[in-house]
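Reader: I have a structure to go through. Can you walk me through it?

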Amino acid sequence: MQAKKGNKPYYVPEKGELLKYADMNYYETPKQYRELFRYIRKNFFPSDDEKAEMLCENIRWECTDGPDIQVIFGHFNTAGVDFKNEKQVNEVLQLVMDLANNVRLWENNGHTPHEIYEKFEKPNLGPLPEGVFPGFGDRPKLRLIQGGSSEKVGRNDPCPCGSGKKYKKCCLGKEG
């Protein structure tokens with residue numbers, strides 16, 4: 001854990017927030033947690049706030065350990081959630097990712113991943129210097145495809161353009 005913490009500065013909450021941490025059961029509930037709770041309550045447990053809250057708490061705790069999507073979906077399965085479609089799965093995934101990026105972590109000395117990015121990583125980002133990736137800007141050579149085959153055309157093979165000439169005498173030097 002010390003290696004993960006590195007030289008990150010400590011998060012120091014405001015006095016009012018700090019006093020709340022005296023309660024061992026207290027944990028900060030960011031707006032992303034509340035958004036996930038509203039979504040789960042509305043779409044899966046409209047008449048059972050307690051079940052929605054329990055599922056959200058399990059997901060939040062999972063986010064503090066480094067979210068494992070299989071474990072998170074295991075919590076949904078245990079709670080008896082049936083997703084309607086892929087769109088709903090993606091909506092839930094986005095809410096879980098938002099929560100995971102806004103949960104305070106020990107390894108970040110109390111900062112959220114989003115705070116670490118905004119305060120310490122984003123200001124140091126800049127454009128890549130020219131020439132860092134040689135050949136990256138070059139146009140790739142296109143491979144001619146005929147009849148659904150993607151095999152490379154040999155020099156002495158008939159040209160894929162259909163001219164009847166050998167590839168080397170027809171289109172070999174014209175690609176790109």
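Author: What follows covers the salt bridges and then the nonpolar core. This is a predicted model, where local features need pLDDT of at least 70, side-chain atom pairs count only at pLDDT 80 or more, and totals for chains, interfaces and linings use all residues. Residues are numbered from 1 along each chain as its sequence is written, and side-chain values use heavy atoms, with hydrogens and water left out.

Reader: How many salt bridges does the structure hold?

Author: Six, a salt bridge being a side-chain nitrogen of Lys or Arg within 4 Å of a carboxyl oxygen of Asp or Glu.

Reader: What does glutamate 115 pair with?

Author: Its partner is arginine 104, at 2.8 Å from N to O. Glutamate 115 lies in helix H7 (residues 113-121) and arginine 104 in the loop between H6 and H7, so the pair ties together parts eleven residues apart in sequence. Helices are DSSP runs (H or I, at least four residues), numbered from the N terminus.

Reader: Any network there?

Author: Glu28, Arg104 and Glu115 are joined into one network by salt bridges that share partners.

Reader: Is glutamate 115 buried or exposed?

Author: Buried, with a relative accessible area of 18%; the cut-offs are under 20% for buried, over 50% for exposed and partly exposed in between (1.4 Å probe, protein chains only).

Reader: Switching topic. What does leucine 55 touch?

Author: Leaving aside neighbours within four places in sequence, leucine 55 is in contact (heavy atoms within 4.5 Å) with Ile40, Phe45, His75, Phe76, Ala79 and Val81.

Terms used
Helices (H or I, at least four residues) and strands (E, at least two) are DSSP runs, numbered from the N terminus.
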